[in-house]
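Here is a short briefing to read alongside the structure. Please take a look at the sequence and the model first, and then we can go through some of the contacts together.

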Amino acid sequence: RREDRVEQVCFWTRVGTRFPASASEQRLMTIRENLAGVLPPGMLLRLSVIGADTSASFGVLERFHAALLASLDAGARM
């Protein structure tokens, strides 16, 4: 929220082949991989839309996310 707008934001992360559900789980996964001598690939995805109506805005985010995933072939999704 800023004085001139409301933005709905959704983040997800990937560490190696896992999708941690919290920041602490993300750190733990990274530490475990590093102790095993592996530097895991990672990804942070941020989706956002400007709009004060939370329900409508998250609907837009969900549809965009679904369309994004549907546009990728299996190799790209991996």
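With which residue does Arg 18 form a salt bridge? The partner is Glu 33, and the closest N and O atoms of the two are 4.0 Å apart. Arg 18 lies in the loop between β1 and α1 while Glu 33 lies in helix α1, so this pair ties together parts that are 15 residues apart in sequence. Please keep in mind that this is a predicted model. The points below cover the salt bridges, an aromatic pair, a pocket and a loop residue.

**Salt bridges**

- The count of salt bridges comes to four.
- Arg 18 is partly exposed, with a relative accessible area of 46%.
- Its partner Glu 33 is also partly exposed, at a relative accessible area of 21%; the cut-off for buried is under 20%, so Glu 33 does not count as buried.
- Arg 5, Glu 7 and Arg 46 are linked in a network of salt bridges.
- In that network, the side chain of Glu 7 meets that of Arg 5 at 3.5 Å, N to O.
- Glu 7 also meets Arg 46 through their side chains, here at 3.4 Å, N to O.
- Glu 7 sits in strand β1 and Arg 46 in strand β2, so their salt bridge ties together parts that are 39 residues apart in sequence.
- For the network members, the relative accessible area is 24% for Glu 7, 32% for Arg 5 and 44% for Arg 46.
- Glu 7 is partly exposed, Arg 5 is partly exposed, and Arg 46 is partly exposed as well.

**The aromatic pair**

- How many aromatic pairs does a search of the whole structure find? The search finds one.
- Trp 12 and Phe 19 form this pair, with 5.5 Å from centre to centre and 65 degrees between the planes.
- The arrangement is edge-to-face, because planes over 60 degrees apart count as such.
- Phe 19 is exposed, with a relative accessible area of 51%; the cut-off for exposed is over 50%, so Phe 19 passes it.
- Trp 12 is partly exposed, at 24% relative accessible area.

**The largest pocket**

- About 220 Å³ of space lies in the largest pocket.
- Both members of the aromatic pair, Trp 12 and Phe 19, are among the residues that line this pocket.
- The other lining residues are Arg 14, Met 43, His 65, Leu 68, Leu 69, Leu 72, Ala 76 and Arg 77.
- Which element gives the most to the lining? Helix α2 does, with three residues.
- At least two lining residues come from each of β1 (7–15), α2 (54–71) and α3 (74–77).
- Sorted by class, the lining has seven nonpolar residues, one polar residue and two charged residues.

**A loop residue**

- Where is Leu 39 placed? Leu 39 is found in the loop between α1 (23–35) and β2 (42–50).
- Is Leu 39 buried or exposed? Leu 39 is exposed, with a relative accessible area of 77%.
- Leu 39 and Glu 62 are 23 residues apart in sequence, and their C-alpha atoms are 31 Å apart in space.

Notes. Residues numbered from 1 in each chain as written. Predicted model: local features only at pLDDT ≥ 70, side-chain atom pairs only at ≥ 80, totals over all residues. Heavy atoms only, no water. 1 Å grid on protein atoms, 1.4 Å probe; cavity = no way out; pocket = protein on both sides within 12 Å on 5 of 7 lines; lining within 4 Å. Points joined across faces, edges and corners; volume = space filled by probe spheres on them. Helix = DSSP H or I, 4+ residues; strand = E, 2+ residues; numbered from the N terminus. Nonpolar A, V, L, I, M, F, W, Y, C, P; charged D, E, K, R; others polar. Buried < 20%, exposed > 50% of the residue type's maximum accessible area, 1.4 Å probe, protein only. Phe/Tyr/Trp six-rings, centres within 6.5 Å; stacked < 30°, edge-to-face > 60°.
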